[in-house]
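Grab your viewer and work through these short exercises. Each one sets a task and then walks through a solution.

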Amino acid sequence: MHHVELAIKARLEIAHQPIEHVYFPETGIASVVAAMTGGRQSEVGIIGRDGMTGVAVVLGQDRSPNETYIQVASNGWCLPVERLRIAIAESQTLRPSLLRYAHAFLVQSSRTALVNGHSKIEERLARWLLMVNDRAEGDIIYLTHEFLATMLGSRRPGVTTALQMLEYRGLVHAKRGEITIVDRTGMIKLTDGAYGEEEQHHFSAGAD
């Protein structure tokens, strides 16, 4: 493994192309994004210091239909896939550990699909900001409204309105390219269950 800087928008996995490296972010956030014909995109999972990229590799595949790229600048560790496969073959404890993380990530993705289908945009936005806050350092998140729209699979005006509502309630402070979490407890309440036991258990399990 070697230490790397992970700049914003750096592509860690390209859809339908062989995965050559897996990454373990330390301070930032990577997004796993699904795309449809016509260019529509939506985030299906996030990866921070609780996890790793390359879940497809852990599950025995060499590529994924999704893209993974950095959304909050980071540093972390990079490992060639072939080295990972060797380590898995040689260790009796590594594979079960990675499979537990893969399961947790799939639970996160299924929860995201559920929330996207049934929760209001401000609830989805609050959940997403809380999940990023879990994995980031401090309460300041550096993101644009356009990036948020992609992450939530929504139009930018809708995200802007939802963010303004959160700010009006005193839950966040927003300015260009920057969002500060002000009232985390209030944010959790606002999600109306969208950010619940699964999100918190996933993070706690990964952090351990």
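Helices here are DSSP runs of H or I with at least four residues, numbered from the N terminus. Keep in mind that this is a predicted model.

**Exercise 1. Place L106 and say what surface feature it helps to make.**

Step 1: going by those runs, L106 sits in helix α3.
Step 2: its relative accessible area is 45%, and since partly exposed covers the range between 20% and 50%, L106 is partly exposed.
Step 3: together with L59 and L99, L106 makes a nonpolar surface patch of about 250 Å².

**Exercise 2. Find the aromatic pairing in the structure and classify its geometry.**

Step 1: searching the whole structure turns up one aromatic pair.
Step 2: the partners are Y101 and F105, with ring centres 6.4 Å apart.
Step 3: their planes meet at 40 degrees, so the pair is tilted; stacked would need under 30 degrees and edge-to-face over 60.
Step 4: how are the two placed along helix α3? Y101 and F105 are four residues apart there, so about one helical turn separates them.
Step 5: check the burial. Y101 comes out at 11% relative accessibility and counts as buried, and F105, at 8%, is buried too.

**Exercise 3. Stay in helix α3 and work out the surroundings of T112.**

Step 1: helix α3 spans residues 94-118, and T112 belongs to it.
Step 2: is T112 buried or exposed? With 10% relative accessibility, T112 counts as buried, because the cut-off for that is under 20%.
Step 3: skip neighbours within four places in sequence, and T112 is in contact with E43, V44 and R127.

**Exercise 4. Do the same for C78.**

Step 1: C78 is part of strand β7, residues 74-80.
Step 2: a relative accessible area of 3% makes C78 buried.
Step 3: ignoring residues up to four places away in sequence, C78 touches M1, H2, V4, H21, V22 and Y23.
Step 4: for a distance check, take H103, 25 residues along the chain from C78; their C-alpha atoms are 21 Å apart.

**Exercise 5. Describe the largest nonpolar core and find its main contributor.**

Step 1: this core has 32 residues, and L125, W128 and L148 are among those with the most contacts inside it.
Step 2: several elements each supply at least two residues, including β4, α5 and α7.
Step 3: α4 gives the most, with seven residues.
Step 4: zoom in on L148. Leaving aside neighbours within four places, L148 is in contact with L125, W128, L143, V159, L163 and I179.
Step 5: apart from this core lies another of 24 residues, among them I19, A30, I88 and Y101.

Definitions and conventions: Residues numbered from 1 in each chain as written. Predicted model: local features only at pLDDT ≥ 70, side-chain atom pairs only at ≥ 80, totals over all residues. Heavy atoms only, no water. Buried < 20%, exposed > 50% of the residue type's maximum accessible area, 1.4 Å probe, protein only. Contact = heavy atoms within 4.5 Å. Core = buried A, V, L, I, M, F, W, Y, C linked by side-chain atoms within 4.5 Å. Patch = residues over 30% accessible without salt bridge, like charges linked within 9 Å, V, L, I, M, F, W, Y side chains within 5 Å. Areas by Shrake-Rupley, 256 points an atom, 1.4 Å probe, with all protein chains shown as cover. Salt bridge = Lys/Arg side-chain N within 4 Å of Asp/Glu carboxyl O. Phe/Tyr/Trp six-rings, centres within 6.5 Å; stacked < 30°, edge-to-face > 60°.
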